[in-house]
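Work through the exercises below with the model open. Each task is followed by its solution.

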Amino acid sequence: MGKITGFKEFTRELPSKRSPEERIQDYKEFNTMFAADKLNNQAARCMNCGIPFCHSGCPLGNIIPEFNDAVYKENWEEAYTILSSTNNFPEFTGRICPAPCESSCVLGINKPAVTIEEIEKHIIEIAYSKGLVKPKVPLIRSGKTIAVIGSGPAGLAAAAQLNKAGHLVTVFERDDRAGGLLRYGIPDFKLEKWVVERRIQIMREEGVVFKCNTEVGVHILADELLRDFDAIVLAGGSTMPRNLPAPGRELKGVYYAMQFLKQQNKRVSELEVQGEEILATGKDVIVIGGGDTGSDCVGTSNRQGAKSIIQFELMPVPPASRTESMPWPTYPMILKTTSSHEEGCNRSWSVNTKEFVGDENGNLTGIRIVDVLWETDVFGRPIKFAEVEGSERVLPAQRVFLAMGFLFPQKVGLLEQLGVELDERGNVRAQEGVYQTSVNKVFAAGDMRRGQSLVVWAISEGREAARRVDQFLSGYTSLESKDAESMYA
Ligand SMILES: Cc1cc2nc3c(=O)[nH]c(=O)nc-3n(C[C@H](O)[C@H](O)[C@H](O)COP(=O)(O)OP(=O)(O)OC[C@H]3O[C@@H](n4cnc5c(N)ncnc54)[C@H](O)[C@@H]3O)c2cc1C
Ligand code: SF4
């Protein structure tokens, strides 16, 4: 523990952000870095609790009190060694993790939680600046070959770990760049793409081979991979978006969020945008869906100069603070105001979409909506809704972005060819902790297995699946696990 009285002396502080007016002029990240004394004070707030709940709050099992102590002592090598022992990509999680660790921070019971995510980002960026993050090429190669399908955080984490174990790893990616949703999904203002490319370059230097523009199931068949590789890791993500099949869905102006966001990622990187250009410039924009993806559509629409932006959510407005059904240290489902919301957007809850309205040329002109009233269970959780009589109305809209989540992975191609069993939700069936699918030597990790989730979970699954693959190929594994007991399983 860095400073015994730290949590009494210092309050939680975050680095400043560029103002909303300034930051919507570009797509760059807008959080600044802490000055050295501020970082030191924030690390000093960690109480080094007897039972650090943050450990289990973090899906990676990050060893938080220990790295806070090293930061307080400005021992950067130690801080980096501790952090990188559980997390392959702190530069991603330090920027975009919703930080469930902070929700379970013991200090959070009666004071604001330790700024764990920011400290994590500072450790890795300081480590990069000091030249501590170097490619580590394995000294011995096993001669075993592994195909990882998908280069999102799950595929990258599995590839990094399996390469570290000495296996020969090839990552297949159907997009023209590696990174999955980190590359084409999450906007640059949350995660600039040089951050992703910096890490992929290190992995290349460590010996991981990336084959982009290669869709398994189309450009290379599943059978060929089964023939040519000793093991396969499926990390293709959950890519089928939830539709809103209301009348008028076919109108020009109604798009899935990912059609819109991916194009903007490409523009920022000065890559060619193929097909119809989807822009919010000068338009009345309605975003349907209140999660991360919806919020990213809001931030992107503001940067493109939308005329107005409204975000709708069918569910009722969440509570402002914890309720009895979401006590500490659980991750609370409370009202979240993101940096994109701060930049300007009207938010409405308990709203249902009845129709997309268009003109004679097939262009979207408006959206017919209705307010709904939710019935709740004894815990206050919404169970069913009824329309509020007389609340139906049409709002002007020339762009609607559907951001209502993802259903399951694409089945056509890869999954059909492999014939892997799916679970009741349509994801690849593979038990958590085991990651083996119904097909011999084929493993699955990340959103493709658990359904749409978070970057931190994808990294965690990639790492844990890598251990199972290593065990399968070598009969044992020395790769680290977040679960101390399973280290010896
Ligand atoms: C817009 C948006 C914003 C988000 N923001 C956040 C956030 O702020 N914080 C957070 O924690 N999470 C966020 N998420 C969720 C997070 O991005 C995902 O949970 C995470 O990326 C899942 O990782 P993955 O590796 O399982 O899959 P993905 O990142 O989806 O990667 C899968 C990759 O597999 C490739 N692929 C699929 N099939 C094939 C095939 N047959 N052959 C070759 N390649 C294939 C795909 O092209 C893709 O690149 C966001 C999601 C979206 C959509
Ligand atoms: S990865 Fe996320 S949950 Fe884990 S310590 Fe970092 S911010 Fe917290």
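**Exercise 1. The shell around ligand 1**

Task: find which helix gives the largest share of the shell around ligand 1 in this predicted model.

Solution.
- Step 1. List the elements that give two or more residues to the shell: α10 (153-164), α13 (257-268), α14 (292-304) and α18 (455-474).
- Step 2. Pick out the largest share: α14 provides it, with three residues.
- Step 3. Take the whole shell: 36 residues surround ligand 1, and I96, A154, E173, K190 and D447 are the closest.
- Step 4. Sort the shell by class: 17 residues are nonpolar, 11 polar and eight charged.

**Exercise 2. Backbone contacts and burial of ligand 1**

Task: locate polar backbone atoms that lie within 3.5 Å of an oxygen atom of ligand 1, then state how much of the ligand's area the protein buries.

Solution.
- Step 1. Start at A154: a backbone N or O atom lies 2.9 Å from a ligand oxygen.
- Step 2. Go to L181: here the distance from a backbone N or O atom to an oxygen of ligand 1 is 3.0 Å.
- Step 3. Go to V455: a polar backbone atom is 2.9 Å from a ligand oxygen.
- Step 4. Turn to area: ligand 1 taken alone exposes 1,000 Å², of which the protein buries 95%.

**Exercise 3. Helix α9**

Task: compare the span of α9 with the expected span, and decide whether the helix is largely enclosed or not.

Solution.
- Step 1. Count residues: α9 covers 116-129, which is 14 residues.
- Step 2. Check the span: first C-alpha to last is 20 Å, close to the 20 Å expected at 1.5 Å a residue.
- Step 3. Check burial: 13 of the 14 residues are buried, so the rest of the structure largely encloses α9.
- Step 4. Look past the end: G131 follows α9 and has a positive phi, near 75°.

**Exercise 4. Two aromatic pairs**

Task: the structure holds six aromatic pairs. Classify F53 with W328 and F260 with F401.

Solution.
- Step 1. Take F53 and W328: the ring centres are 4.8 Å apart and the planes meet at 55°, so this pair is tilted.
- Step 2. Place them: F53 sits in helix α4 (residues 53-57) and W328 in the loop between β8 (308-313) and α15 (339-342), 275 residues apart.
- Step 3. Check exposure: F53 is partly exposed at 30% relative accessible area, and W328 is partly exposed at 24%.
- Step 4. Take F260 and F401: with centres 3.9 Å apart and planes at 10°, the pair is stacked.
- Step 5. Place them: F260 is in helix α13 and F401 in strand β14 (residues 399-402), 141 residues apart.
- Step 6. Check exposure: F260 is buried at 0%, and F401 is buried at 0%.

Conventions: Residues are numbered from 1 along each chain as its sequence is written. Chains are lettered from A and ligands numbered from 1 in the order in which they are written. This is a predicted model: local features need pLDDT of at least 70, side-chain atom pairs count only at pLDDT 80 or more; totals for chains, interfaces and linings use all residues. Side-chain values use heavy atoms; hydrogens and water are left out. A residue is near a molecule or strand if one of its heavy atoms lies within 4 Å of it. A polar contact is a pair of N or O atoms within 3.5 Å; within protein, one must be able to donate a hydrogen and the other to accept it, and residues adjacent in sequence count only if both atoms are side-chain atoms. Accessible areas come from the Shrake-Rupley method with a 1.4 Å probe; for residues, only the protein chains shown count as cover. Helices (H or I, at least four residues) and strands (E, at least two) are DSSP runs, numbered from the N terminus. Ala, Val, Leu, Ile, Met, Phe, Trp, Tyr, Cys and Pro count as nonpolar, Asp, Glu, Lys and Arg as charged, and the others, Gly among them, as polar. The expected span of a helix is 1.5 Å times one less than its number of residues. Buried means under 20% relative accessible area, exposed over 50%, partly exposed in between (1.4 Å probe, protein chains only). Rings of Phe, Tyr and Trp (its six-membered ring) pair if their centres lie within 6.5 Å; planes under 30 degrees apart count as stacked, over 60 as edge-to-face and the rest as tilted.
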